[in-house]
Amino acid sequence: MKNRRNTSSLNPARPSFERRKFFALAALPLALTAGSVAAKFGLSPNSSRGNRMETEPASDGALTFTKLERSKAEWRELLSPDAYDVLFRAGTERPWSSAFNDEKRDGKFICAACYLPLFDASTKFDSGTGWPSFFQPIEGRVVTSRDFKLLVPRTEYHCARCGGHQGHVFNDGPRPTGKRYCNNGVALAFVPEGEALPALRT
Ligand SMILES: [Zn+2]
């Protein structure tokens, strides 16, 4: 990420190779419980804040994570005003405002706040609503709750790790799930296939 205060700008601009290399190296010690690689880089696997063992394996298949607790004041410092408004004030971005509406590449959509991968690009579909839409999140990565903001109850969903609001889920999506996860683009960042996922934010 060129600018950590504005994670929504992660794409379509491609981070430089050196940046990616840095992330790959930074993530590596945390991704391994064995100490050998960590020792090679002179880092302890437990060097992350709070001694937490947060891992982000390349396959993303066996991710374990602990909840990330941060104050709203801290998030306001870290995020762009637009991203903060959506993620931690449950705002809604203007339709058609996200470049992710047209994002067609393979890859992962990650939480713009804590970088937890939430959706695989293979589950994205063109809903015609003006918001990036998915028919299925990665298992266990989003949590739902009821939202009465528009008087009619809706189902809000948020990142399972940091609690950041992502969007609303409706029952008019395509097969195979019939669900439409209507997501605010500014609450996501995109990592194309073949590029290293950033280490989870701590
Ligand atoms: Zn998150």
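Over which residues does pLDDT stay under 50? That stretch is residues 1–59, and for it the model has 78 contacts beyond four places in sequence. Keep in mind that what you're looking at is a predicted model. Where pLDDT is low, the predicted coordinates shouldn't be read in detail. Taken over the protein, the mean pLDDT is 79, with 69% of the residues reaching 70 or more.

**The overall plan**

Let's start with the parts list. There are 4 helices and 9 strands in the protein. If you walk along the sequence, the order is α-α-α-α-β-β-β-β-β-β-β-β-β. Of the 202 residues, 35% are buried. Among contacts with a separation of 6 or more, 58% are between residues 24 or more positions apart.

**Helix H4**

Helix H4 covers residues 81–89. Which of its residues are buried? They are Ala83, Tyr84, Val86, Leu87 and Phe88. These buried residues pack against helix H3, residues 72–78, and also against strand E7. Ala90 follows H4, and its phi is positive, near 55°.

**The three-stranded sheet**

Now for the strands. One open sheet is made of 3 strands in the order E2-E1-E9, with antiparallel pairing. Strand E2 (117–120) and strand E9 (188–192) are at the edges with a single partner strand each, so one side of each has no neighbour in the sheet. From one strand to the next, the twist averages 30°.

Strand E1, residues 107–111, is joined to E9 by 5 bridges, and the two run antiparallel. One place to see this is Lys108, whose bridge partner in E9 is Val191. E1 also pairs with E2, again in the antiparallel sense, over 3 bridges. Here Phe109 has Phe119 in E2 as its bridge partner. How many of the residues of E1 are buried? The count is 5 of its 5 residues, so E1 is mostly covered.

**The six-stranded sheet**

The other open sheet to trace has 6 strands in the order E3-E4-E8-E7-E6-E5, and its pairing is antiparallel too. Its edge strands are E3 (124–125) and E5 (142–147), each of which pairs on one side only.

Try following it strand by strand. E4, residues 133–134, is joined to E8, residues 180–183, by 2 bridges, with the strands running antiparallel. In this pair, Ser133 stands opposite Cys182 in E8. Elsewhere in the sheet, E5 pairs with strand E6, residues 154–159, over 6 bridges in the antiparallel sense. Thr144 faces Tyr157 in E6 there. E6 in turn pairs with strand E7, residues 165–170, over 4 bridges, also antiparallel. His158 has His165 in E7 as its bridge partner. E7 is a strand you've already met, as the buried residues of H4 pack against it.

**Hairpins and their turns**

Some of these neighbouring strands form hairpins. Here they are side by side, each with a residue that has a positive phi.

| Hairpin | Between the strands | Residue and phi |
|---|---|---|
| E1 and E2 | 5 residues | Tyr115, about 75° |
| E5 and E6 | 6 residues | Leu151, near 70° |
| E6 and E7 | 5 residues | Gly163, near 80° |

Tyr115 sits in the turn of its hairpin.

**A closer look at Ile138**

One more residue is worth finding in the viewer. Ile138 is in the loop between E4 and E5. Why does Ile138 count as buried? It has 20 other C-beta atoms within 10 Å, and a residue is buried if that number is 20 or more.

What does Ile138 touch, leaving out residues up to four places away in sequence? The list is Pro117, Leu118, Phe119 and Asp120. Those positions belong to E2, which spans 117–120, so the loop residue Ile138 touches a strand of the three-stranded sheet. Phe119 is also the bridge partner of Phe109. As for Thr123, it is 15 residues from Ile138 in sequence, and the two are 9.1 Å apart in space, C-alpha to C-alpha.

How values were computed
Residues numbered from 1 in each chain as written. Predicted model: local features only at pLDDT ≥ 70, side-chain atom pairs only at ≥ 80, totals over all residues. pLDDT = per-residue confidence, 0-100. Contact = placed C-beta atoms within 7 Å. Buried ≥ 20, exposed ≤ 12 C-beta atoms within 10 Å, placed from the backbone. Pairing = 2+ DSSP bridges. Axes fitted to C-alpha atoms, helices over the stretch in contact; angles between N-to-C directions.
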